[in-house]
Structures are given as structure tokens and as C-alpha cells.
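Colleague: I'm new to reading protein models, and I'd like to learn how to make sense of one. Could you walk me through it, one feature at a time?

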Amino acid sequence: MFASDVTERRALGSALIDAIANEQRRIGQELHDGLGQELTGLALSARALATRAERERQPIADGLVQLAALAVSCIQAARRIAQGVSPLSDADGSLQDALESLAARSSFGNTVVRFRARLESSITLDLEARNHLYRIAQEAVQNALKHAGSRVIEIDLWVRAHGLILTINDDGVGLPKAGSLIAGLGMRTMHFRASSIGGRLAITGRRGGGVSIACEVAQPQAEAATA
């Protein structure tokens, strides 16, 4: 009975994560393709009106220039929100681009986050699996930044024809104590995400300090992925 309860809780947790991911993708897509495009149209129209007003020396020209600049600022804000909600939408579904952007955004102060990709094959995983892998990396990076005092964080993506390995290494204080909030929530979420896409997650302490998180997922064959 106990084993059955554990299995049921895991299934419910995995289903909940999938439902949240689907809703995040929907919202992110609407922000990116809906609101983003409308704001782009507004910016172009305002810029065209400003150009005409400047040519005709109309007093409203300066106001229209400011309106165009405000619209551009709103576009950038919408893109940042969309990237936070559904990063792969902003990266056109590219896991590599999304991870590279994560590394760039996460590097600040004395902390350096590096991304390296070893692509021996194309990525044939579906969008849902790629999204889960990104979220695993995001969770690992945030934990290393907020709780581990890391100065160097490395995100490695190794893609082969039969499988993909995502590794996040940091040089922080090491694994959190068993039963802590970080260990209970962050690690459990990463395990749920990995299991929901048929992957294996390993979280280990590194010699000399720090944590290594590795997720390995089998790649569907190209023929099956496009079928």
C-alpha cells in the first residue's frame, strides 16, 4: 500500500508539473506572438508618424518620438516576461540557445556562469522534454546562486544520436542537508521533471566542494521524431 501511495504521488506530481509547463508555454507564446507583435506594430506606426511630423515640422513630433520609444521599451519588457514564463518560445524552441541565454543572464557580480555545448547530433526531443531540461538547468543554477555561494557555474550540454546529457556543476558549499527546504523542494522538482520525460537525474557532491547535477535522456530516432 505504501509503495502504491508513493507511486500515485509521483504520478500526480509529474502530471502537475506537465500541466504547469503547458500553461507556461501557452502564456509565453501569447506574449511572444500576440502582445509582442501588436506592440511591434504600434512602435512602427508611432515611428512613421513621428518621421512625418518631423518632416512637416509639427509640434507633436517630439511626443510621437517618445511614444515610439515607449513602445519599444514595452516590447523588450514583454520579451523578458515571455522568456521567464516560457524560455524556449523566445529561443524558437532551441534548447541550446535558451541555455546559452540562461548562462548570460545569470552571470553577474563575481559569479560566472558558462555554457558549453557538444553537439554530435541534432536534438530530436519534443518541446515538452526540452522545456523540462531547461527548467532543471534553471533550478540548478538558481540554487547554486542563491544558496551555495558559487563563483563558477558550468552548464554542459552533450548531444549524441541516442541520448542527451545535461550537466550543471558548481563550486559552492556542497549538497544541502537532508530534510532542508532546498533539498526537499528543488531536488524533488528536478527529479519529477527528469522522470516525466523518461530521464535519469543524478545529484552528487564534487570533490573539493560544490554539486554536480546530471540529467540523461534517451533521444528518439529522427524518423520516429518526425513521424
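Modeller: Sure! Keep in mind that this is a predicted model. Let's start with a single residue, Ile 60, which has a relative accessible area of 48%.

Colleague: Does 48% make Ile 60 buried, partly exposed or exposed?

Modeller: Buried means under 20% and exposed means over 50%, with partly exposed in between. Ile 60 has 48%, so it counts as partly exposed.

Colleague: And where does Ile 60 sit in the chain?

Modeller: Look at the loop between helix H1 (2–55) and helix H2 (61–85); that's where you'll find Ile 60. Its C-alpha atom is 7.9 Å from that of Ala 50, and the two residues are 10 apart along the chain.

Colleague: What about Arg 57, which lies in that loop between H1 and H2 too?

Modeller: Here the backbone angle phi is worth a look. Most residues other than glycine have a negative phi. Arg 57 isn't a glycine, yet its phi is positive, about 55°. As for accessibility, Arg 57 comes out at 76%, so it counts as exposed.

Colleague: How do I get the big picture of the fold?

Modeller: Count the elements, then read their order. This chain has seven helices and five strands. Starting at the N terminus, they go α-α-α-α-β-α-β-β-α-β-β-α.

Colleague: Which strands pair with S5, and in what sense?

Modeller: S3 pairs with S5 in the antiparallel sense, over seven bridges. One of the bridge partners to find is Ala 214 in S5, which matches up with Thr 167. S4 also pairs with S5 in the antiparallel sense, over six bridges, and there Gly 205 has Val 211 as its partner. The hairpin of S4 and S5 has five residues between the strands, and Gly 208 takes a positive phi near 90° in it.

Colleague: Now the inside. How many residues are in the largest nonpolar core?

Modeller: That core has 34 residues, and Leu 99, Leu 133, Ile 155 and Leu 166 have the most contacts inside it. Several elements give two or more residues to it, including helix H4 (95–106), strand S1 (112–119) and helix H6 (181–196). H5 gives the most, with eight residues.

Colleague: What does Leu 133 touch, leaving aside residues up to four places away in sequence?

Modeller: Its contacts are Leu 95, Leu 125, Leu 164, Leu 166, Ile 197, Cys 215 and Val 217. For the whole chain, 40% of the 227 residues count as buried.

Terms used. Residues numbered from 1 in each chain as written. Predicted model: local features only at pLDDT ≥ 70, side-chain atom pairs only at ≥ 80, totals over all residues. Heavy atoms only, no water. Helix = DSSP H or I, 4+ residues; strand = E, 2+ residues; numbered from the N terminus. Buried < 20%, exposed > 50% of the residue type's maximum accessible area, 1.4 Å probe, protein only. Core = buried A, V, L, I, M, F, W, Y, C linked by side-chain atoms within 4.5 Å. Contact = heavy atoms within 4.5 Å. Pairing = 2+ DSSP bridges.
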